[in-house]
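Hi everyone, thanks for making time this morning. I'd like to walk you through a model, starting from one residue and working outwards.

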Amino acid sequence: MIAEALEALMESTLDVLKAIIPLVLFFLVFQVFHLRYPRRHVMRLLFGIALTAVGMILFLAGVFLGFLPTGQEMGRFFGGYEEGWVLLAVGVLLGFLATYAEPAVRVLCYQVEKASSGYIKSSLMLYTLSLGVAVLVGIGMARIHYGIPILHIIIPGYILAIILLFASDRDFVGISFDAGGVATGPMAVTFLMSVAVGAASVMEGSDPLVDGFGLIALIALAPIIFVLSLGVIIRMRRGDEG
Amino acid sequence: MREIFQDALKEVVQSVLPISLVVLLIQIFLVGSPPEKIAMFLLSAFMVGLGFTFFLMGVKVGMLPMGEAIGGELAKHGSILFLVLTTFAISFLATVAEPDVRVLTSTITSVSDDVISRSALLLSIAFGVGIFVVLSMLRIVYGVSIKYLYAGSYLLIIALSLFTPPDYLAISFDSGGVTTGPMTVPLILALGTGVASVMAGRSALSDGFGLIGFASIGPILGVMLLGVLLV
């Protein structure tokens, strides 16, 4: 168990370092030529970045060690049920909880509350996002059970998003598309994907690779539709023309 | 620092605890996992929780202030070329470095029977992301409505999806989600709001967001085009 944990930690350390080193170098170049912050301030920023990296290393290793195998096991278990609604309900439940536990989602919600000076509450954003992903992951799981082609869900979803774009409050447009990119973080992608692949693997005539695909697309689409809808509701309540 | 730690810890208990408990209960009572698997899950849930705490603290102390500082500096500088080059450099570097993007490129090369090299693919995805993020940064500067940019891109995606071969189609839609990982999201978010909050007549709320959304559209279009052109 300890050996496995160490191996996962090594791997996630490499991944995180690869992601962070170019950004730190970039910042340092910027610091030397433009920002010229006092040394104390720079040290504090670098300390924060190091903390972010250590946190992400632990997080990724934990997801890989525990949530990935557990997700596959759960997927195989629930995929074996005859009734399609079981997988749908599991998708809704886990979709909600995984988004709720997604690091970058919290950062977006925090940033939205700050930019709106508290007018759009971070918790409102968090619940809207989690609910959206819950609904679309539920649909995604049911799709695997009933063998519905992914395009039959994605294309209408994209069309709905375009319509909502023009009906929504303008403040929510940028946020909604950012939220789509943010919701597809390591928890959603690794954990939910492994549940889907596990479920597809026990179903007859189902190809885990093909059926596992498309789930990330649905997770990315969910916040767009739901945050834009939130914008529509807020605009209607205010009763203006946007 | 102590206050930031307590805030982060509180948020983590709220976020990691629910999913861990539900998974644990399902594992014990429904799936009936052996004790060693349960122990492994408990260890990993602890790692996830601790990691989440450090991550959130670090983002507030380091990542967000750094992004806002760079964004504010870019806007104050007043040179569009400087803004464009810097934005391109950051998003290009972030994409090349993103672990999930590497996974994506190896999937595509295997689907395409090695017609295109992995590094060429990686560079073209990073290039695509860079260009799209620059476009959405210019949108903030010139005050172009984001609705039309998104609507146009989505219509293009829908149209292309009719001609894209099935293998590429499956990858393309998923590829949009992988370009921005948790390490780069805070930086790019802060960059946008940083630029918008410094510029006159722009609001951080309605103009500062949208960069990450565009970073996701680039690869979807890119992979679809690749499929249309190669097959």
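Let's begin with A:Gln111, which, leaving aside its neighbours within four places in sequence, is in contact with B:Leu189 and B:Thr193. Please keep in mind throughout that this is a predicted model. A:Gln111 is found in helix α4 of chain A, residues 103-115. Is A:Gln111 buried or exposed? A:Gln111 has 28 other C-beta atoms within 10 Å, and the cut-off for buried is 20 or more, so A:Gln111 counts as buried. Within its own chain, you can also look across to A:Ser122: the two residues are 11 apart along the chain, and their C-alpha atoms are separated by 8.2 Å.

Between those two positions there is a loop worth a stop. A:Ser117 is found in the loop between α4 and α5 (122-146) of chain A. What is the phi of A:Ser117? Phi is near 50° there, a positive value in a residue other than glycine. As a reminder, most residues other than glycine have a negative phi. A:Ser117 is also exposed, with 9 other C-beta atoms within 10 Å. There is another positive phi in chain A: A:Arg36, just after α1(A), takes a value of about 50°.

That brings us to α1(A) itself. Helix α1 of chain A covers residues 2-35, and a kink of about 30° lies at A:Ile20, shortly before the proline A:Pro22. If you colour this helix by burial, A:Ala8, A:Ser12, A:Asp15, A:Val16, A:Ala19, A:Ile20, A:Leu23, A:Phe27 and A:Phe30 come out as buried. For anyone wondering about the spacing in that list, an α-helix has 3.6 residues a turn, so residues three or four places apart point the same way. Note that A:Ile20, where the kink lies, is among the buried residues.

One more buried residue in chain A, please. A:Ala196 is found in helix α8 (residues 186-201) of chain A. A:Ala196 is buried, with 29 other C-beta atoms within 10 Å. Its C-alpha atom and that of A:Leu215 are separated by 7.8 Å, with the two residues 19 apart along the chain.

Now let's zoom out to the domains of chain A. The domain assignment gives domain 1 (1-71) and domain 2 (80-237). The C-alpha centres of these two domains of chain A lie 27 Å apart. How many residues of domain 1 of chain A are in contact with domain 2 of chain A? Seven, and they meet eight residues of domain 2. The domain 1 side of that contact divides into six nonpolar, one polar and no charged.

Over to chain B. Chain B has 10 helices and zero strands. Its C-alpha atoms fill a box of roughly 55 × 50 × 30 Å, taken along the principal axes. Of the 231 residues of chain B, 52% count as buried. Among contacts in chain B between residues at least 6 apart in sequence, 80% join residues at least 24 apart. The domain assignment here gives domain 1 (1-63) and domain 2 (78-230), and 31 Å separate the centres of the two domains of chain B, taken over C-alpha atoms.

So, how do the two chains meet? The contact takes 79 residues from chain B and 80 residues from chain A. On the chain B side, the elements that give two or more residues include α1 (2-31), α2 (35-77) and α10 (211-230). Which helix gives the largest share of that side? α2(B) does, with 26 residues. By type, the chain B side divides into 54 nonpolar, 20 polar and five charged residues.

Let me finish with one helix pair across the chains. Helix α7 of chain A, residues 171-183, and α6(B) have axes that come within 9 Å and cross at roughly 40°. The two helices are therefore oblique to each other. A:Val173, A:Gly174 and A:Phe177 in α7(A) meet B:Ile146, B:Lys147 and B:Tyr150 in α6(B). The residues of this contact divide into four nonpolar, one polar and one charged.

That's my tour, and I'm happy to take questions.

Terms used:
Residues numbered from 1 in each chain as written. Chains lettered and ligands numbered in written order. Predicted model: local features only at pLDDT ≥ 70, side-chain atom pairs only at ≥ 80, totals over all residues. Contact = placed C-beta atoms within 7 Å. Helix = DSSP H or I, 4+ residues; strand = E, 2+ residues; numbered from the N terminus. Nonpolar A, V, L, I, M, F, W, Y, C, P; charged D, E, K, R; others polar. Domains from an automatic or database assignment. Bend = angle between axes of the 7 residues up to and from the residue. Buried ≥ 20, exposed ≤ 12 C-beta atoms within 10 Å, placed from the backbone. Axes fitted to C-alpha atoms, helices over the stretch in contact; angles between N-to-C directions. Parallel < 35°, antiparallel > 145°, perpendicular 65-115°, else oblique.
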